[in-house]
Amino acid sequence: MYARAGSLEAQFRQVIEDPMIGTFRSRGRLAQQGADRFAMRFSDPRNEAIVMDGAKLWVYTPSTTPGQVLRMDQPRGAGAPNLVAWLLDRPAERYRLRLDASDSTTDVVTLVPRDSTLPFRMATVAFARSDGLPRRIDLVEDRGTRRSLTLSAVRAGRRLPSSTFRFAVPDGVRVVDQ
């Protein structure tokens with residue numbers, strides 16, 4: 001379903017539990033089109049964004065690094081922040097898969113990477129049976145950090161406007177090239 005859709009949009013709620021620095025909650029809107037176009041625009045923390053425009057990765061997090069935006073060449077593969085593409089692009093080839101649970105509304109699958117360069121040890125994805133698209137993603141990252149992403153209002157298969165994947169540098173913000 002994901003491969004045929006070509007794009008995915010959703011509202012998200014994210015919880016990151018890092019044993020070293022604590023728990024962080026965020027929410028916003030996620031959009032992705034292919035492996036090289038991705039945007040997470042946050043409503044909480046407000047106005048933050050992670051955007052992949054096909055050439056550059058922009059990271060704007062004024063709550064932790066005020067007055068600057070990071071701009072870098074867009075990472076490919078395991079280094080890219082497009083976690084939807086990590087998990088759903090060729091999963092049978094890239095992961096050892098296990099069906100963990102199934103009911104009338106959801107199938108839950110655990111994915112263990114075959115490629116050790118991916119920045120997580122294991123993912124659990126809950127797919128809606130109604131459309132085969134993800135509704136919850138739980139990751140255990142390499143350093144023990146746990147990330148949970150709950151998706152709602154999921155839509156797939158639309159041609160998204162190019163502005164979805166464009167980052168406009170806010171006035172007074174310095175661009176830091178990495």
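Trainee: What is the relative accessible area of R147?
Mentor: This is a predicted model, in which local features need pLDDT of at least 70, side-chain atom pairs count only at pLDDT 80 or more, and totals for chains, interfaces and linings use all residues. Residues are numbered from 1 along each chain as its sequence is written, and side-chain values use heavy atoms, with hydrogens and water left out. Buried means under 20% relative accessible area and exposed over 50%, with partly exposed in between (1.4 Å probe, protein chains only). R147 is partly exposed, and its relative accessible area is 23%.

Trainee: With which residue does the side chain of R147 meet in a salt bridge?
Mentor: A salt bridge is a side-chain nitrogen of Lys or Arg within 4 Å of a carboxyl oxygen of Asp or Glu. The N to O distance in the pair that R147 forms is 2.6 Å. The partner counts as buried, at 15% relative accessibility, and this partner is E141.

Trainee: Why does the salt bridge between K56 and D73 tie together parts that are apart in sequence, and how many residues apart are they?
Mentor: The closest N and O atoms of K56 and D73 are 2.7 Å apart. K56 lies in strand β5 whereas D73 lies in strand β6 (residues 68-73), so the pair ties together parts of the chain separated in sequence by 17 residues.

Trainee: In which strand does the salt-bridge partner of R129 lie?
Mentor: R129 counts as partly exposed, at 46% relative accessibility. Its side chain meets that of D107 in a salt bridge at 3.2 Å, N to O. The two come from distant parts of the chain, 22 residues apart, with R129 in the loop between β9 and β10 and D107 in strand β8.

Trainee: Which residues are the closest to the centre of the largest pocket?
Mentor: On a 1 Å grid over the protein atoms alone, a pocket is an open set of points where a 1.4 Å probe fits, with protein on both sides within 12 Å along at least five of seven lines, and lining residues have an atom within 4 Å of a point. Grid points are joined across faces, edges and corners, and a volume is the space filled by probe spheres set on the points. The largest pocket holds about 960 Å³ of space. Its lining comprises 33 residues, and the closest to the centre are Q14, I16, F42, I50 and R147.

Trainee: Which element gives the most residues to the lining of the largest pocket?
Mentor: Helices (H or I, at least four residues) and strands (E, at least two) are DSSP runs, numbered from the N terminus. The greatest contribution to the lining of the largest pocket is four residues, and the element that gives them is β1.

Trainee: What is the average twist from one strand to the next in the open sheet?
Mentor: Two strands pair if DSSP finds at least two bridges between them. The open sheet has 12 strands in the order β7-β8-β9-β10-β11-β1-β2-β3-β4-β5-β6-β12, with mixed pairing. Its edge strands, each pairing on one side only, are β7 (95-102) and β12 (174-177). With axes as lines fitted to C-alpha atoms and angles running from 0 to 180 degrees between N-to-C directions, the twist averages 20°.

Trainee: Why is β5 largely enclosed by the rest of the structure, and how many of its residues are buried?
Mentor: β5 pairs with β4 in the antiparallel sense over four bridges, and four bridges also join β5 to β6, again antiparallel. V51 has W58 of β5 as its bridge partner, while L57 stands opposite M72 in β6. β5 is largely enclosed because its buried residues number four of the five.

Trainee: What phi does G54 take in the hairpin of β4 and β5?
Mentor: The hairpin has two residues between its strands. G54 takes a positive phi there, near 105°.

Trainee: Which residue of strand β4 has a positive phi although it is not a glycine?
Mentor: The residue in question lies in strand β4 and counts as exposed, at 51% relative accessibility. Its phi is about 70°, and the residue is N47.

Trainee: In which loop does the residue after the cis peptide bond from D44 lie?
Mentor: The peptide bond from D44 to P45 is cis, with omega near 0°. P45 lies in the loop between β3 and β4.
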